[in-house]
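I sat down with this model to look up its cysteines and one of its strands. Here are my notes, in the order I took them.

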Amino acid sequence: MSLHPTLQPYADAWTHSIDAISELVLPLVEGEWNRRTPCPGWSVRDVVSHVIGLDCEMLGDPRPIHTLPRDLFHVTNDNQRYMEMQVDVRRHHTAPEMTSELEYVIIRRNRQLRNESRDPGTKVRGPQSTELTLEEAMRSHAFNLWVHEQDLRTALGRPGNLDSPGAHIARDVLLDALPEVVSVKADAPRSSAIVFDVHGPVEFLRTIRVDIQGRGTLESTPALGPAATLSLDWETYVRLACGRVTPEAVSDRVKAEGDPALTGSILRNFAVTP
């Protein structure tokens with residue numbers, strides 16, 4: 001393969017997740033495609049439509065020309081409208097239509113990856129006419145695919161792959177967002193430290209230190225006398241960070257120590273995906 005070594009982990013994660021998604025949905029009967037997923041407003045069919053749409057965009061396909069109905073109450077901003085287009089255009093597709101399009105886009109993307117020789121820093125088109133590097137696009141794509149694989153697993157009662165290649169990319173993506181969650185959104189006190197102790201298939205201990213200017217940084221060293229400590233399992237961490245559950249719904253799975261106002265503010269602002 002001519003793929004740059006920096007991009008290989010993202011390609012491997014995509015392959016693992018897309019194959020898992022295909023395996024999950026191939027045997028589904030028509031009614032199962034309508035099952036509700038943890039992704040707000042989306043059924044199994046909708047999530048798979050979104051996955052197909054994401055890969056079509058990675059392929060550079062033109063976006064569908066389609067007018068969204070006005071009664072989609074889960075669509076409240078421009079980003080959601082952008083994402084909903086690929087979903088709503090497939091809402092009445094049958095199960096065979098969904099699986100055949102998914103398989104076709106997988107074949108095309110595998111071919112694209114086999115022939116991918118661009119540098120990781122190459123600028124490519126992102127959502128809503130944004131521009132990002134190829135590395136950023138592939139990293140984000142691998143993260144999204146794994147999260148949506150988990151949405152489908154939850155909806156279909158088929159748990160698994162919580163420690164797959166995509167899971168480790170998801171860990172890094174979510175940890176990158178943690179300083180802003182703590183220092184900006186939750187407005188943690190200056191000159192404080194907040195510890196996150198995550199256990200399960202993917203485990204880590206990280207500290208967010210907030211400096212005198214209010215800037216947060218991620219550290220792998222434990223803090224002595226932290227202002228707060230949050231201990232939770234990896235699956236709960238992901239579901240909270242991706243907005244799939246409310247803090248109240250998983251309060252029995254999160255152990256919070258320290259300032260209750262601070263831990264409450266962190267958990268209320270924990271979701272980082274749009």
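My entries on the cysteines come before those on the strand.

**Ground rules.** I am working from a predicted model, where local features need pLDDT of at least 70, side-chain atom pairs count only at pLDDT 80 or more, and totals for chains, interfaces and linings use all residues. Residues are numbered from 1 along each chain as its sequence is written, and side-chain values use heavy atoms, with hydrogens and water left out.

**Cysteines.** I searched the whole structure for disulfides (pairs of cysteine sulfur atoms within 2.5 Å) and found zero. Why is cysteine 56 unbonded? The closest cysteine sulfur, in cysteine 39, lies 18 Å from its own, which is too far for a bond. Cysteine 242 is in no disulfide either, and there the nearest cysteine sulfur, again that of cysteine 39, is 9.4 Å away.

I also checked burial, with a 1.4 Å probe and protein chains only: buried is under 20% relative accessible area, exposed over 50%, partly exposed in between. Cysteine 56 is buried at 10%, and cysteine 242 is buried at 3%.

**Strand β3.** Strands here are DSSP runs of E, at least two residues long, numbered from the N terminus. I found β3 at residues 192-199, with six of its eight residues buried.

Which strands pair with it? I counted a pair when DSSP finds at least two bridges between two strands. Strand β4 (residues 204-210) is antiparallel to β3 over seven bridges, and aspartate 197 faces leucine 205 there. Four residues separate the two strands of this hairpin, and glycine 200 in the turn has a positive phi of about 120°.

Strand β6 (residues 228-233) runs parallel to β3, joined by six bridges. In that pairing, isoleucine 194 sits opposite alanine 228.
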